[in-house]
2 protein chains.
Amino acid sequence: MRLSAYGEYACLAMVDLSQNYGKGPLKIKDIAEREQIPQKFLEQILLTLKRAGYLQSKRGFHGGYELSRAPKQITVAEIVRFTDGAVAPVASVSSHFYAHSPSEKNAALTGLFKEVRDMVSTKLEGTTFADLII
Amino acid sequence: MRLSAYGEYACLAMVDLSQNYGKGPLKIKDIAEREQIPQKFLEQILLTLKRAGYLQSKRGFHGGYELSRAPKQITVAEIVRFTDGAVAPVASVSSHFYAHSPSEKNAALTGLFKEVRDMVSTKLEGTTFADLII
DNA sequence: ATATTGTCGATTAACTTAGTAGAGAAGTCG
DNA sequence: CGACTTCTCTACTAAGTTAATCGACAATAT
């Protein structure tokens, strides 16, 4: 797993939205300023998170974005997989995004990479955005 | 950590060379065939691994490549870091390839990513190519 | 000599990344 | 209504990375 800037920004935004869960919608502009995210880039990110069902939005004067589920109900693994795909180190050991890859040629190597995948996915599936609220 | 084809091929080749450690040099062509790696691509990979000190080579009729250290003395972490860089999920928590990244804005997120980095690097630093010989 | 094998630099096509630009649609308020 | 605000959506792009391939050169063995 290697997070892109897109993925890192998405996680930051989700943490920000989690910290303000239940307090009404947050404006893109405010999240962008607080988290130092290029606003136009953040617009795209929030929109795709909305389309994926993680966020709700409202337009107009009192508009903004808010989580559609409680922070406790959203794992970091979900968001990472949504923004950056596989958590696994190589495609051939990915459970959610399997594809052929060279490592398949060797069972020992495949075993090692599966162990890595399991450690990472267990950690990220066991962490929700509620756990990231200070 | 996400391995490129380059990195996966490098690991496969290192396992192949480990399995034949002490039996004289192996030809690029033979490794390429056994591991199904494009030969010209493998040439590049082995050459950079040689320049990094992991391999020795000989040209000519009985030429080829062999490990310069015993498989037990080479960790998977070294090779992965050499071919694909950071083992960490984001640059800002990488110990070997630190760079600024968006996650730094949030301590909880940074903490989580450090835990992931530690799990992965501990695993890969604790695994040598001797462990991957069947 | 000749065949064999590694060495090396350049090139490339396709893809991904990290944004930016700008117009449009929906909601609020006076 | 009309102005303003905020989200929505598509398109575009510049730069970098990836996964190779090509062809010439250098060393070695027989």
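Start at A:Tyr9. In this predicted model, an N or O atom in the A:Tyr9 side chain sits 3.3 Å from a phosphate oxygen of DNA strand C.

Now move to chain B. Select B:Arg51. An N or O atom of the B:Arg51 side chain lies 2.9 Å from a phosphate oxygen of DNA strand C. Then pick B:Ile28. Here the partner is the backbone: a polar backbone atom of B:Ile28 is 3.0 Å from a phosphate oxygen of strand C.

Next, show DNA strand C with its surroundings. There are 29 residues around the strand. The nearest are A:Lys40, A:Gln44, A:His62, B:Lys50 and B:Tyr65. Which parts of strand C lie within 4 Å of the protein, sugar or phosphate, or bases? Of those DNA atoms, 69% belong to sugar or phosphate, and the rest to bases.

Color the surface near strand C by residue class. Expect 11 nonpolar, 9 polar and 9 charged residues.

Now switch to cartoon. From chain A, select α1 (5-19) and α3 (39-51). From chain B, select α3 (39-51), β1 (55-58) and β2 (64-67). Each of these elements supplies at least two residues of the surface near strand C. Which element gives the most? That is α3(B), with 6 residues.

Last stop: the cysteines. Select A:Cys11, which is buried because its relative accessible area, 0%, falls under the 20% cut-off. Do likewise for B:Cys11. That residue also has a relative accessible area of 0%, so B:Cys11 counts as buried. How many disulfides turn up over all chains? A search of the whole structure finds 0.

Terms used. Residues numbered from 1 in each chain as written. Chains lettered and ligands numbered in written order. Predicted model: local features only at pLDDT ≥ 70, side-chain atom pairs only at ≥ 80, totals over all residues. Heavy atoms only, no water. Near = heavy atom within 4 Å. Polar contact = N/O pair within 3.5 Å; in protein donor to acceptor, adjacent residues only side chain to side chain. Helix = DSSP H or I, 4+ residues; strand = E, 2+ residues; numbered from the N terminus. Nonpolar A, V, L, I, M, F, W, Y, C, P; charged D, E, K, R; others polar. Disulfide = S-S within 2.5 Å. Buried < 20%, exposed > 50% of the residue type's maximum accessible area, 1.4 Å probe, protein only.
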